[in-house]
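Me: I'd like to learn how to read a model like this one, feature by feature. Can you walk me through it?

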Amino acid sequence: MKQYMNKYEYILIGGGVIGCSIAYRLAKSGFSVALFDSDSAGKASMAAGGMLGAQNEFECENPLMEIALESRDLFPDLRDELFEESGIDIEFRKAGLLKVAASEEDRDSLLAQYRFLAGKDATVSWLEPQDVPKKEPQLTSLTAGAIYLEKDNQVKAPLLAFALLRSAVNAGVHVYEHTAIHELIIQNGQVLGVKTKSSNVYASRVINTAGAWSSALLEGTGFTPPVIPVKGECVSIKLSKEAPVKTIFAVDGCYIVPKRNNEMLIGATSTPHSFDPSVSAGGIRSLLNRAARLLPILDTGTIERTWSGVRPQAADHLPVIGAHPFVDGLYICTGHYRNGILLSPITGLLMEKYLSGCSKTAARLAPFSPARFLSQKEAVPV
Ligand SMILES: Cc1cc2nc3c(=O)[nH]c(=O)nc-3n(C[C@H](O)[C@H](O)[C@H](O)COP(=O)(O)OP(=O)(O)OC[C@H]3O[C@@H](n4cnc5c(N)ncnc54)[C@H](O)[C@@H]3O)c2cc1C
């Protein structure tokens, strides 16, 4: 039977990039921290494309945009820091992203997004169809235009997840892998700890970072955030010939992310309410068809592997970050949906400040508060 230390200052439930990033920052600040991870099939952090799409994702004003841009800018230093702490290279790649209108129908919406983004950042550029292959020679000349986002770079997501985990361990976090939390221990409206299959482990603060599984853990607490799993399937193709270097993202959501060794990561399908880890033939066929229309050279490659994962999506598509409305000491940090890799560095830093009582950080996180999902009646204390 596994032996646990009995009491910590913090317990995190879920060891994806969000849980590990927070655990790492808390341990660096001197707190005693335990992290439990059940290693469920479909862990999003191991499935992600690794795009840092802080501009790609936004077409109009959004409370998340400023934080996303800030998080993206943390990556060059984070790469060095994590390499020093863990010896793992997260393969941060600086080649930018081309957001492509695959057909005339997509051109107007893409132009509108270009105007919005270029109004904030002069490095954002518009490419007419004849100029698109000049930026990325392998790309088809048959597009209806593209936006070039030179700052939307990328990392290899599983390596980021491993690097954060190992850095957390090296900073003193006690990590319990393959260990599910079955229940929270709550008494008189205060969280006291968690129950594994074999033990109770105590902490004055517990943070639920269980991704798409986070709502299930909160049943019986009087509040479960509306977070659902959105399954995504991916495929990777190995090219023997010269591969493109820029991420290619079609308006319809199909993307190609070039990794090291000519590996092209192609994603992703989108199936709400599904935890099913299988990969469907139809999903992969649709991705390959759409991707090869943009990048015909893909047809010359070999399929390396296919996989799937589940994104945690809140009802309003924003993250859910903050205190549980009815249980003292219990916190929720989930709902990073399509952008958890991008948002993981800032989430760790902001949560550490928020938990230390920083009122400025609490104000920045207010749009993401779990309490936004309470009805007016529920929000009034009785
Ligand atoms: C196909 C796909 C492509 C994506 N592409 C990108 C991208 O290009 N860029 C980007 O920024 N984001 C991307 N994302 C989104 C990103 O992967 C997620 O937002 C992010 O990984 C969420 O991290 P997390 O730590 O919240 O959840 P997860 O990584 O899912 O981790 C949650 C962990 O909690 C554990 N857990 C659950 N219940 C329990 C329990 N009871 N006890 C203990 N542990 C538990 C699970 O086993 C899991 O390991 C993509 C996601 C998918 C699926």
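Reply: Sure. Keep in mind that this is a predicted model. Let's start with the big pieces: the C-alpha centres of domain 1 and domain 2 lie 31 Å apart.

Me: Which stretches of chain make up domain 1 and domain 2?

Reply: Domain 1 takes in 7–47 + 159–226 + 316–379, and domain 2 takes in 97–150 + 228–314.

Me: How many residues of domain 1 are in contact with domain 2, and how many on the other side?

Reply: On the domain 1 side there are 21 residues, and they touch 13 residues of domain 2. Sort the domain 1 side by class and you get 11 nonpolar, 7 polar and 3 charged residues.

Me: How many residues surround the ligand, and which are the closest?

Reply: The shell has 44 residues, with Gly-14, Gly-16, Gly-211, Gly-232 and Gly-340 as the closest. Both domains take part: domain 1 and domain 2 each give at least three residues to the shell around the ligand.

Me: Which element gives the most to that shell?

Reply: That's β15, with 4 residues. Elements that each supply at least two residues include α1 (17–28), β10 (227–238) and α7 (340–355). By class, the shell around the ligand comes out as 21 nonpolar, 18 polar and 5 charged residues.

Me: Now helix packing. How should I describe two packed helices?

Reply: The general idea is to give the angle between the two axes and the distance between them. Take α1 and α7 here: they pack at about 30°, and their axes are 8 Å apart. The crossing of these two is right-handed.

Me: Which residues make the contact of α1 with α7?

Reply: From α1 you have Val-17, Ile-18, Ser-21, Ile-22, Tyr-24, Arg-25 and Leu-26. On the α7 side, look for Gly-340, Ile-341, Ser-344, Pro-345, Thr-347, Gly-348, Leu-349, Met-351 and Glu-352. The residues of this contact split into 9 nonpolar, 5 polar and 2 charged. Gly-340 is also one of the closest residues to the ligand.

Me: At what angle do the axes of α2 and α7 cross?

Reply: At roughly 85°, and the axes come within 8 Å. Because of that angle, α2 counts as roughly perpendicular to α7. The contact is made by Ile-67, Ala-68, Glu-70, Ser-71, Arg-72, Leu-74, Phe-75 and Leu-78 of α2, meeting Leu-342, Leu-343, Pro-345 and Ile-346 of α7. This contact divides into 9 nonpolar, 1 polar and 2 charged residues.

Me: How do the axes of α2 and α5 cross?

Reply: Helix α2 (residues 65–86) and helix α5 (residues 157–170) have axes that come within 9 Å and cross at roughly 55°. So α2 is oblique to α5. The crossing is left-handed.

Me: Which residues meet there?

Reply: Leu-82, Glu-85 and Ser-86 in α2 meet Ala-163, Leu-164, Arg-166, Ser-167 and Asn-170 in α5. By class, the contact of α2 with α5 holds 3 nonpolar, 3 polar and 2 charged residues.

Me: Last one: what backbone values should I expect for phi and for peptide bonds?

Reply: In general, most residues other than glycine have a negative phi, and most peptide bonds are trans. Now the cases in this model. Asn-188 has a positive phi of about 50° although it is not a glycine. You'll find Asn-188 in the loop between β7 (183–187) and β8 (190–195).

Me: And which peptide bond is cis?

Reply: Look at the bond from Gly-267 to Ala-268: that one is cis, with omega near -25°. Ala-268 sits in the loop between β13 (263–267) and β14 (271–272).

Notes:
Residues numbered from 1 in each chain as written. Predicted model: local features only at pLDDT ≥ 70, side-chain atom pairs only at ≥ 80, totals over all residues. Axes fitted to C-alpha atoms, helices over the stretch in contact; angles between N-to-C directions. Parallel < 35°, antiparallel > 145°, perpendicular 65-115°, else oblique. Left-handed = near helix turned anticlockwise from the far one by under 90°. Contact = placed C-beta atoms within 7 Å. Nonpolar A, V, L, I, M, F, W, Y, C, P; charged D, E, K, R; others polar. Near = placed C-beta within 6 Å. Domains from an automatic or database assignment.
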